[in-house]
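Visitor: I've got a model on my screen and I'd like a close look at a single part of it rather than a quick tour. Could you pick a part, set it in its surroundings and take me through who packs against whom?

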Amino acid sequence: MIAACDREIAQSLEEFESKLDPPPGSTSLSKDGSKPKTSEPGFDLQTHLHRIFGVDLTQVPGINILTTQTLLAEIGPDFSHFANGPALTSWLGLCPDNRVSGGKVLSVKTRKVKNRAATALRMAAQSLHRSQSFLGHFYRRMRTKLGAPKAITATAHKLARIIYHMVTTGHAYDETICAQNEAQNRKRMEVRLRKQARELGLQLVAI
């Protein structure tokens, strides 16, 4: 019965338009080195998802074949109905839901939504706790700073933004871009801190 179900799924996937023809053969390992799960179907699902999305999302640390399949099932192959990355994260309930009344911020908690795609991204984020990738370091840093629940949400938010960029631009995952963005954020933070120090008559000195 499982084999019959796999054949039906494969037949349905064949009906999706191809954005590209992926290289022959499919990789058995994702970028973070995770092995295929026993729950994965008995056909080459990764190649189907690669050609449908136009990019190999399993190259993103934490994202495996089943996570990618969930994103296809819940969102579809076309992300253009979301104006930008923040619109996607808002729909997923992975960004702060700022509630303001009379100019006073009442709450910045994320919305409670029942979204399978968001759940899949949260699980992907949690799987990065031992990853030596940039995203793994980001998750551990956020966990130390905010605690595990908020760190999972923050990392899932970052994963959603990365996936949106990949699907809408057709660009493959490039970890050096993430590292560059992190360096730029750190530089902006340093400039802001130096400005605040000057306003207080102080001077920052590097350790």
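Guide: Sure. Among contacts in the protein between residues at least 6 apart in sequence, 61% join residues at least 24 apart. Keep in mind that this is a predicted model. The protein has 8 helices and 2 strands, and from the N terminus the elements go α-α-α-α-β-β-α-α-α-α. Of its 207 residues, 36% are buried.

Let's settle on helix 2, residues 45-53. Helix 2 is mostly covered, with 8 of its 9 residues buried. Those buried residues are Leu45, Gln46, His48, Leu49, His50, Arg51, Ile52 and Phe53. Note that His48, His50 and Arg51 are on that list alongside Leu45, Leu49, Ile52 and Phe53. What does the covering? Helix 1, helix 3 and helix 7 are included in the cover over the buried residues of helix 2.

Take helix 3 (65-74) as the partner to look at closely. Two packed helices are described by the angle between their axes and the distance between the axes. Here, the axes of helix 2 and helix 3 come within 10 Å and cross at roughly 45°. Helix 2 and helix 3 are therefore oblique to each other. The contact brings together Leu45, Gln46, Leu49, Ile52 and Phe53 from helix 2 and Ile65, Thr68, Gln69, Leu71 and Leu72 from helix 3. As for handedness, helix 2 passes helix 3 in a left-handed crossing.

Now follow the chain out of helix 2. Gly54 comes after helix 2, with a positive phi near 85°. Further on, the loop between helix 2 and helix 3 holds Gly62. Gly62 has a relative accessibility of 6%, so it counts as buried. In sequence, Gly62 and His129 are 67 residues apart, yet their C-alpha atoms are 9.6 Å apart in space.

Back to the cover, this time from the side of helix 1. Helix 1 takes in residues 2-14, which makes 13 residues, and its end C-alpha atoms are 18 Å apart, close to the expected 18 Å. Asp6, Ala10 and Leu13 are its buried residues. Looking down the axis of helix 1, you'd find these buried residues within an arc of 60°, so they line one face of the helix. The other side of helix 1 has Arg7, Glu8 and Gln11 exposed. Its buried residues pack against both helix 2 and helix 3.

The third name in the cover was helix 7, and helix 7 (148-169) has a partner of its own in helix 6. Helix 6 and helix 7 pack at about 145° with their axes 7 Å apart, and helix 6 passes helix 7 in a right-handed crossing. On the helix 6 side, the residues that meet helix 7 include Phe134, Leu135, Phe138 and Tyr139; among those they meet in helix 7 are Ala148, Ala151, Ile152 and Thr155. Right after helix 6 comes Gly147, whose phi is positive, near 95°. The buried residues of helix 6 also pack against helix 5 (116-126) and helix 8 (175-199).

To come back to where we started: helix 2 has 8 of its 9 residues buried, with helix 1, helix 3 and helix 7 among what covers them.

Terms used. Residues numbered from 1 in each chain as written. Predicted model: local features only at pLDDT ≥ 70, side-chain atom pairs only at ≥ 80, totals over all residues. Heavy atoms only, no water. Helix = DSSP H or I, 4+ residues; strand = E, 2+ residues; numbered from the N terminus. Expected span 1.5 Å × (residues − 1). Buried < 20%, exposed > 50% of the residue type's maximum accessible area, 1.4 Å probe, protein only. Arc of directions from axis to C-beta. Contact = heavy atoms within 4.5 Å. Axes fitted to C-alpha atoms, helices over the stretch in contact; angles between N-to-C directions. Parallel < 35°, antiparallel > 145°, perpendicular 65-115°, else oblique. Left-handed = near helix turned anticlockwise from the far one by under 90°.
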